[in-house]
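Welcome, and please load the model in your viewer. We will go from the whole chain to a pair of helices, and then call at some single residues.

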Amino acid sequence: MRTMIISDLHGSEQTTRQALKYFGELNCDRLLILGDILYHGPRNPIPQGHNPKGVVELLNPLKDKIIAVRGNCEAEVDQMLLEFPCMADYALIEEEGIRIFATHGHLYNPGKLPFLPTGALFLYGHTHLWEVCREKGITICNPGSITLPKQGREATFAIYEAGIISVHRLEDGVRLASLPVKEA
């Protein structure tokens, strides 16, 4: 199963549309959204292409393929518009013997990991900074932000398939980094 992982959409119809283009081109089976779907938040500027209603219209037709978690910018009104659950603090997924813990990053993060077995994959967003690394036998990935990347970085997303996590540039899909979840 091929999973696209995106985070921190912040209501940008433009970047959501661009990410979903790759979702289709890469024949992804599932879309994992790590929060901050519709609202840009009080600390962020209004993003280019800001149109939360447009984001809803793009995502709702994919509701059967989406797993989403709550970001620090989600509100109950967002759940009223979105036709897939988005208010859980985390999602646990078991795939091919690998435990995947998906969260936004404001509650659980690399500095405050939940208990996970060796060989697990920890996914988080929130910082708008992509990373792929391994710490104490746990693979950690932040897909970055498709809408408001920080520190001059490019907009990015991640792909998980067959035990490998990779981060890709949104502009052209080029892979920036990849790592097998389990050490060889």
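Of the 184 residues in this predicted model, 53% count as buried. Keep the full chain on screen for a moment. Its C-alpha atoms fill a box of roughly 45 × 35 × 30 Å along the principal axes. The radius of gyration is 15 Å, which agrees with the value near 16 Å that a compact globule of 184 residues would have. Among contacts with a separation of 6 or more, 56% join residues 24 or more positions apart.

Now colour by secondary structure. You should find 3 helices and 11 strands. Reading from the N terminus, the order is β-α-β-α-β-α-β-β-β-β-β-β-β-β.

**Stop 1: the helix pair**

Select residues 13-25 for helix α1 and residues 52-59 for helix α2. Two packed helices are described by the angle between their axes and the distance between the axes. Here the axes come within 8 Å and cross at roughly 20°. That angle is under 35 degrees, so α1 counts as roughly parallel to α2. The crossing of α1 past α2 is right-handed.

Show side chains where the two helices meet. On the α1 side, pick E13, T16, R17 and L20; on the α2 side, pick G54, V55, L58 and L59. Sorted by class, this contact has 4 nonpolar, 2 polar and 2 charged residues.

Stay with α2 and ask which of its residues are buried. They are G54, V55, V56, L58 and L59. To see what the buried residues of α2 pack against, add α1, β2 (30-33), β3 (66-68) and α3 (76-81) to your selection.

**Stop 2: G49, ahead of α2**

Step back along the chain to G49, in the loop between β2 and α2. Is G49 buried or partly exposed? With a relative accessible area of 31%, G49 is partly exposed, because that value falls between the 20% and 50% limits. Draw a distance from its C-alpha atom to that of E13: the separation is 5.5 Å, although the two residues are 36 apart along the chain. Beyond its neighbours within four places in sequence, G49 is in contact with G11, S12, E13 and Q14.

**Stop 3: F23 in α1**

Return to helix α1 and select F23. With a relative accessible area of 6%, F23 is buried. Which residues does F23 contact, leaving aside its neighbours within four places in sequence? Display M4, C28, D29, R30, L31, L62 and K65 to see them. Then draw a line between the C-alpha atoms of F23 and R43, which are 20 residues apart in sequence and 29 Å apart in space.

**Stop 4: I5 in β1**

Next, select I5 in strand β1. At 1% relative accessibility, I5 counts as buried. Not counting residues up to four places away in sequence, I5 touches L32, L34, L123, P143, F157, A158, Y160 and I165. Add V167 and check the C-alpha distance from I5: 9.1 Å, for residues 162 apart in sequence.

**Stop 5: R169 in β10**

Move on to strand β10, residues 164-169, and pick R169. Where does R169 stand on burial? At 17% relative accessibility, R169 counts as buried, because the cut-off for buried is under 20%. Outside its neighbours within four places in sequence, R169 is in contact with E154, A155, T156, F157, V174 and L176. For a longer view, join the C-alpha atoms of R169 and Q14: they lie 15 Å apart in space and 155 residues apart in sequence.

**Stop 6: two positive phi values**

Finish with two backbone angles. Select D8 in the loop between β1 (3-6) and α1. Its phi is near 55°, a positive value in a residue other than glycine. D8 counts as buried, at 0% relative accessibility.

The other residue to visit is H126, found in the loop between β6 (121-123) and β7 (131-135). H126 is not a glycine either, and its phi is positive at about 75°. At 23% relative accessibility, H126 counts as partly exposed.

Key. Residues are numbered from 1 along each chain as its sequence is written. This is a predicted model: local features need pLDDT of at least 70, side-chain atom pairs count only at pLDDT 80 or more; totals for chains, interfaces and linings use all residues. Side-chain values use heavy atoms; hydrogens and water are left out. Axes are lines fitted to C-alpha atoms, for helices over the stretch in contact, and angles run from 0 to 180 degrees between N-to-C directions. Helices (H or I, at least four residues) and strands (E, at least two) are DSSP runs, numbered from the N terminus. Angles under 35 degrees count as roughly parallel, over 145 as roughly antiparallel, 65 to 115 as roughly perpendicular and the rest as oblique. A crossing is left-handed if the near helix is turned anticlockwise from the far one by less than a right angle, and right-handed if clockwise. Contact means heavy atoms within 4.5 Å. Ala, Val, Leu, Ile, Met, Phe, Trp, Tyr, Cys and Pro count as nonpolar, Asp, Glu, Lys and Arg as charged, and the others, Gly among them, as polar. The radius of gyration is taken over C-alpha atoms; the globule rule is 2.2 Å times the number of residues to the power 0.38. Buried means under 20% relative accessible area, exposed over 50%, partly exposed in between (1.4 Å probe, protein chains only).
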